[in-house]
Amino acid sequence: WLRTQMKTAVTVAAAIGGGGSVLVLCLKFVRKRIFLKSIPYKANEYGVGKHRTKKGATAEIRLATGADADQILRLVQGLALYENEPITTVELTAADFKRDLLAEKFYCFLVDLDDNIGVGIALFYPTYSTWQGSCIYLEDLYVDEKSRKHGLGSLLIKSVAAFAYARGAARLHWNALDWNTPALDFYKSCGATRLNEWVTLRMPRPQIASFLGISTIDEYSSVLQSNMPDASPYLSAVLNFSN
């Protein structure tokens, strides 16, 4: 199957013309098809595709694309409000989500319910454990209030778990607020283990700068240039990341 897909990509690129750039696009399309095919599917349980909910509605799990950036932003903002945070807590824009999604900095499952588009989200990405190896971190799991009681949260988290298992991940891990009893009870019912002995530590960007004793990116650039005179590609990457 893979060999057939690759041959098709090369054939299509040759027919369209346009050189290597068209071939790259065709290969990216094939890569996405391979990626989707690698996600396990079990009807009404997990995976990309359509499922029947416990209320008899039709839910469709799909892998988010750049065109879904606005939906991702809306759902992330909805999660912030649910967690009693103002929308302004979410500093990213739809354009930021689109850029980072296309760069594969994260993956995202969205769920549609009947004719309602984007009523739930599971956003996740690879991490690494020096004790166990490759892992998957679930950053956000959220379902719109009006679309709850259908079992969509279970569909989403099981889909992420299936993805993690198929990719050989040693574990799937995530955080939850200590006051969110419904979520904690749900996760316990999923078989997740609560790690009370661990404390989450965080250093926001301003504190990173303070920790390093710098105030601006220009100052950081000068430090890099003075200590790494031949590191212009690295410096460029840092500056692009900061923007």
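In the hairpin formed by β3 and β4, two residues lie between the strands, and D114 adopts a positive phi near 55°. This description refers to a predicted model. The strands concerned, β3 (residues 107–113) and β4 (residues 116–129), run antiparallel and are joined by six bridges. Within this pairing, L113 is placed opposite N116 of β4.

Strand β4 is also paired with strand β5 (residues 133–143), again in the antiparallel sense, through 10 bridges. The connection from β4 to β5 is a hairpin of three residues. In this second pairing, S129 faces G133 of β5. Strand β4 thus appears in both pairings, with β3 over six bridges and with β5 over 10 bridges.

Helix α6 was examined next. The residues A183, L184 and Y187 of α6 are buried. Viewed down the axis of α6, the buried residues fall within an arc of 100°, and therefore line one face of the helix. The cover over these buried residues includes β5 and α5 (152–166). Strand β5 accordingly has two roles in this account: it pairs with β4, and it is among the elements that cover the buried residues of α6. On the other side of α6, the residues P182, K188 and S189 are exposed. Just after α6, G191 takes a positive phi of about 100°.

The loop between β6 (172–173) and α6 (181–190) contains N180. With a relative accessibility of 8%, N180 is classed as buried, because the cut-off for that class is under 20%. The side chain of N180 engages the side chain of Y82 in a polar contact at 3.1 Å.

Cysteine residues were considered separately. A search of the whole structure returned zero disulfides. C108 has a relative accessibility of 0% and so counts as buried. C190, by contrast, has a relative accessibility of 39% and is therefore partly exposed, a class that lies between the limits of 20% and 50%.

Technical notes:
Residues are numbered from 1 along each chain as its sequence is written. This is a predicted model: local features need pLDDT of at least 70, side-chain atom pairs count only at pLDDT 80 or more; totals for chains, interfaces and linings use all residues. Side-chain values use heavy atoms; hydrogens and water are left out. Two strands pair if DSSP finds at least two bridges between them. Helices (H or I, at least four residues) and strands (E, at least two) are DSSP runs, numbered from the N terminus. Buried means under 20% relative accessible area, exposed over 50%, partly exposed in between (1.4 Å probe, protein chains only). A polar contact is a pair of N or O atoms within 3.5 Å; within protein, one must be able to donate a hydrogen and the other to accept it, and residues adjacent in sequence count only if both atoms are side-chain atoms. A disulfide is a pair of cysteine sulfur atoms within 2.5 Å. The arc is that of the directions from the helix axis to the C-beta atoms. Contact means heavy atoms within 4.5 Å.
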